[in-house]
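Good morning, and thank you for coming. I would like to take you through one structure today, step by step. Please look at the sequence and the model together.

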Amino acid sequence: MRLTCPNCGERDIREFSYQGAASMLDRPDPEAGPAAWHAYLHLRDNPAGVTRDLWHHGCGCGAWLVVTRDTVTHAVHAVELVEARDAG
């Protein structure tokens with residue numbers, strides 16, 4: 001599989017490390033109760049199909065990326081910088 005880094009262009013997947021679902025970027029409020037923090041820290045989906053994942057380009061520019069991909073077909077639909085996601 002190959003990912004197209006917005007900064008570096010198309011690269012082999014071995015340059016990146018998977019960091020989990022992109023929903024991890026949506027942290028609960030610091031004052032949220034224990035149930036909200038338990039769900040954030042411990043409950044994970046494992047869907048088959050299109051997902052939005054957080055990846056780190058550790059062997060490249062060091063960017064954090066949100067990758068929209070299909071876990072069944074391995075097709076990559078979109079790659080965006082985390083900063084661009086937050087600014088939009």
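I begin with one pair of strands. Strand β4, residues 50-56, and strand β5, residues 64-70, run antiparallel and are joined by 7 bridges. At one place in this pairing, Val50 is found opposite Asp70 in β5. Please keep in mind throughout that this is a predicted model.

Strands of a sheet are paired by hydrogen bonds of the backbone, and the pairing may be parallel or antiparallel. What is the order of the strands in the open sheet here? The sheet has 4 strands, in the order β3-β4-β5-β6, with antiparallel pairing. At its edges are β3, residues 17-21, and β6, residues 76-81, each of which pairs on one side only. On average, neighbouring strands of the sheet are turned by 30 degrees against each other, with direction ignored.

Let us move on to β5 and β6. Their antiparallel pairing extends over 5 bridges, and Arg69 has Val76 in β6 as its bridge partner. The two strands form a hairpin with 5 residues between them. In that turn, His74 has a positive phi of about 70 degrees.

I turn next to the edge strand β3, where Ser17 is found. Is Ser17 buried or exposed? Neither word fits, because its relative accessibility is 28%, and Ser17 therefore counts as partly exposed. The side chain of Ser17 makes a polar contact of 3.0 Å with the side chain of Gln19. Setting aside residues up to four places away in sequence, Ser17 touches Leu54, Trp55 and His56. Ser17 and Leu54 are 37 residues apart along the chain, and 8.8 Å separates their C-alpha atoms.

Two of these partners deserve a closer look. His56 lies in strand β4, and its side chain reaches the backbone oxygen of Gly62 at 3.3 Å. Residues up to four places away in sequence not counted, His56 touches Glu15, Phe16, Ser17, Gln19, Gly62, Ala63 and Trp64.

The other partner is Trp55. Leaving aside neighbours within four places in sequence, its contacts include Met1, Leu3, Ile13, Tyr18 and Arg69.

Which residues make up the largest nonpolar core? This core has 8 residues, and Trp55 is one of them. The others are Leu3, Cys5, Ile13, Phe16, Ala63, Leu65 and Val67. Strand β1, residues 2-5, and strand β5 each supply at least two residues of this core.

Finally, let us consider the cysteines. A disulfide is a covalent bond that links the sulfur atoms of two cysteines. How many disulfides are counted in this model? The count comes to 0. Why does Cys8 not form one? The closest cysteine sulfur to that of Cys8 is in Cys61, at 3.8 Å, which is too far for a bond, because the two sulfur atoms would have to be within 2.5 Å. Cys59 also has its closest cysteine sulfur in Cys61, but at 11 Å, so that pair is too far for a bond as well. As to accessibility, Cys8 counts as partly exposed at 24%, whereas Cys59 is exposed, with a relative accessible area of 59%.

Thank you for your attention.

Notes. Residues numbered from 1 in each chain as written. Predicted model: local features only at pLDDT ≥ 70, side-chain atom pairs only at ≥ 80, totals over all residues. Heavy atoms only, no water. Pairing = 2+ DSSP bridges. Axes fitted to C-alpha atoms, helices over the stretch in contact; angles between N-to-C directions. Polar contact = N/O pair within 3.5 Å; in protein donor to acceptor, adjacent residues only side chain to side chain. Contact = heavy atoms within 4.5 Å. Buried < 20%, exposed > 50% of the residue type's maximum accessible area, 1.4 Å probe, protein only. Core = buried A, V, L, I, M, F, W, Y, C linked by side-chain atoms within 4.5 Å.
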